[in-house]
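Work through these exercises with the structure in view. Try each task before reading its solution.

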Amino acid sequence: AKAWTLRSHFVSFPKDSDFELKEEELPAPDDGEVLLEAVFLSVDPYMRPYSRVKMKEGDVMIGTQVAKVLESKNPQFPVGSHVIGNCGWRTHTLSDGAGLTPMLSDWPRDQPLSLALGTIGMPGLTALYGLEEVCEIKPGETLLVNAAAGAVGSTVGQIAKIKGCRVVGSAGSDAKVSYLKELGFDEAFNYKTVGSLQEALQKASPDGYDCYFENVGGEFSSAAMPLMKPFGRIAVCGSISMYNDTTPQTGPYIHSHMIFKQLRMEGFISSRWQHKNEVSLRRLMAWVQEGRLKCREHVTEGFQNMPAAFMGMLRGENTGKAIVRA
Ligand code: NDP
């Protein structure tokens, strides 16, 4: 068994030497335990900020995977079945079942299991809950989403289209912008080449925005806030532009817009609505099956490439969900 550990805490952007690959010896499962083998592993933005607050140097990197049950002394998880587990960056895991979720029992044969880490998993749920529970989005409204070609963002935009909204998205390359158009976004632009963000946002929706699904933070947030319509809602999902900062960014004060337009801005973590997950995953699955929700994946081959996949995702190399095939 192999595991990637955090050799040293990240300072600014992560680098190869911050990670260390270690060998682990695993005993055979005891009563109630299972031995798992990773099939697909997820690399996600939250691992960067969480590494600082949830991990010590030497710990195995945190993370979720789709794993196959190799040996089992737990009737809930039979040999050969697949589970979603918080196992960290490990090829093999001995588990007592805590933190394991069985795959949806009626997972369609024609859909890859890796979608359980993306559109039909935590990122998909994040998109759905941010739109429905936080933004309370309504048909006919205009939505802005950034990091729009990523796992969460591309799902946000497509669900908003399903709900009859006008959708504006931004992403970091022209190829990603073309992808957003393919997905049915009404307007999309490359934030890296656009010059003035505020002008681009204004041009994309001269009447402003009812809802803003925030994945990026920092400068983008400062540019978008003045363009919110009265009673607009902002779902603060992430702030990836700030995750590698060593000194905090400062920006213009936005309070006046919050007050005079009576905006509502709310941070959220998708696990708040965990009790709805099973129903929500089935809704996402149905949209995927109907072809209304497209899910692209950016797959890196090989467990040995976990750090490269993670750093590549932070750099924006992925279109759709960043996944590693073990
Ligand atoms: P993505 O698949 O969107 O991958 C990250 C993307 O972020 C990159 O592809 C890159 O795309 C973009 N990015 C990186 N650096 C910057 C930057 N400086 N400015 C703007 N964009 C940048 O990841 P996810 O979909 O998994 O996550 C998207 C956001 O949602 C993150 O902020 C994440 O932390 C948050 N999140 C929050 C959850 C919650 O429960 N609150 C749950 C899951 C995710 P590009 O080429 O466009 O720059």
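**Exercise 1. Strand β8**

Which way do T142, L143, L144 and V145 point from β8, and are they buried or exposed?

*Solution.* Note first that this is a predicted model.
- Step 1: Sort the side chains by direction. T142 and L144 point one way from β8, and L143 and V145 point the other way.
- Step 2: Check burial. All four are buried. The cut-off for this label is 20 or more other C-beta atoms within 10 Å.
- Step 3: Look across to the partner strand. β8 (residues 142-145) runs parallel to β9 (residues 166-171), and four bridges join the two strands.
- Step 4: Match the residues. L143 faces V167 in β9. V145 has G169 of β9 as its bridge partner.

**Exercise 2. The sheet**

In what order do the six strands of the open sheet lie, and which strands stand at the edges?

*Solution.*
- Step 1: Recall how strands join. Strands of a sheet pair through backbone hydrogen bonds, parallel or antiparallel.
- Step 2: Read off the order. It is β10-β9-β8-β11-β12-β13, with parallel pairing.
- Step 3: Find the edges. β10 (187-190) and β13 (264-267) each have a single partner strand, so each has one side without a neighbour in the sheet.
- Step 4: Add the twist. On average, neighbouring strands of this sheet are turned by 15 degrees against each other, direction ignored.

**Exercise 3. Helices across the sheet**

Which strands do helices α2 and α3 lie across?

*Solution.*
- Step 1: Take α2 (residues 122-135). This helix lies across β11 (209-214), β12 and β13. Its angle to β12 is about 135 degrees.
- Step 2: Take α3 (residues 151-162). This helix lies across β8, β9 and β11. Its angle to β9 is about 165 degrees.

**Exercise 4. Around the ligand**

How many residues surround the ligand, and which are the closest?

*Solution.*
- Step 1: Count the shell. It has 29 residues, and the closest are G150, V152, G172, G238 and G316.
- Step 2: Sort by class. The shell holds 16 nonpolar, eleven polar and two charged residues.
- Step 3: Trace the helices. α2, α3 and α9 (306-315) each give at least two residues to the shell. The largest share, three residues, is from α3.
- Step 4: Trace the domains. Domain 1 (2-118 + 296-325) and domain 2 (122-271) each provide at least three residues of the shell.

**Exercise 5. The two domains**

How many residues does the contact take from domain 1 and from domain 2?

*Solution.*
- Step 1: Set the bounds. The chain is divided into domain 1 (2-118 + 296-325) and domain 2 (122-271).
- Step 2: Place the centres. Taken over C-alpha atoms, they are 29 Å apart.
- Step 3: Count the contact. Domain 1 contributes 13 residues and domain 2 contributes 15 residues.
- Step 4: Classify one side. Where domain 1 touches domain 2, its side has four nonpolar, seven polar and two charged residues.

**Exercise 6. Positive phi**

Where are S12 and F231 found, and are they buried or exposed?

*Solution.*
- Step 1: Start from the rule. Most residues other than glycine have a negative phi.
- Step 2: Take S12. Its phi is near 55 degrees, a positive value. S12 is in the loop between β1 (2-6) and β2 (19-23). S12 counts as exposed because it has 10 C-beta neighbours inside 10 Å.
- Step 3: Take F231. Its phi is positive too, about 65 degrees. F231 is in strand β12 (residues 228-236). With 10 other C-beta atoms within 10 Å, F231 is exposed.

Note on methods: Residues are numbered from 1 along each chain as its sequence is written. This is a predicted model: local features need pLDDT of at least 70, side-chain atom pairs count only at pLDDT 80 or more; totals for chains, interfaces and linings use all residues. A residue is buried if 20 or more other C-beta atoms lie within 10 Å of its own, exposed if 12 or fewer, and partly exposed in between; C-beta atoms are placed from the backbone. Two strands pair if DSSP finds at least two bridges between them. Axes are lines fitted to C-alpha atoms, for helices over the stretch in contact, and angles run from 0 to 180 degrees between N-to-C directions. Two residues are in contact if their C-beta atoms, placed from the backbone, lie within 7 Å. A residue is near a molecule or strand if its C-beta atom, placed from the backbone, lies within 6 Å of it. Ala, Val, Leu, Ile, Met, Phe, Trp, Tyr, Cys and Pro count as nonpolar, Asp, Glu, Lys and Arg as charged, and the others, Gly among them, as polar. Domain bounds come from an automatic or database domain assignment.
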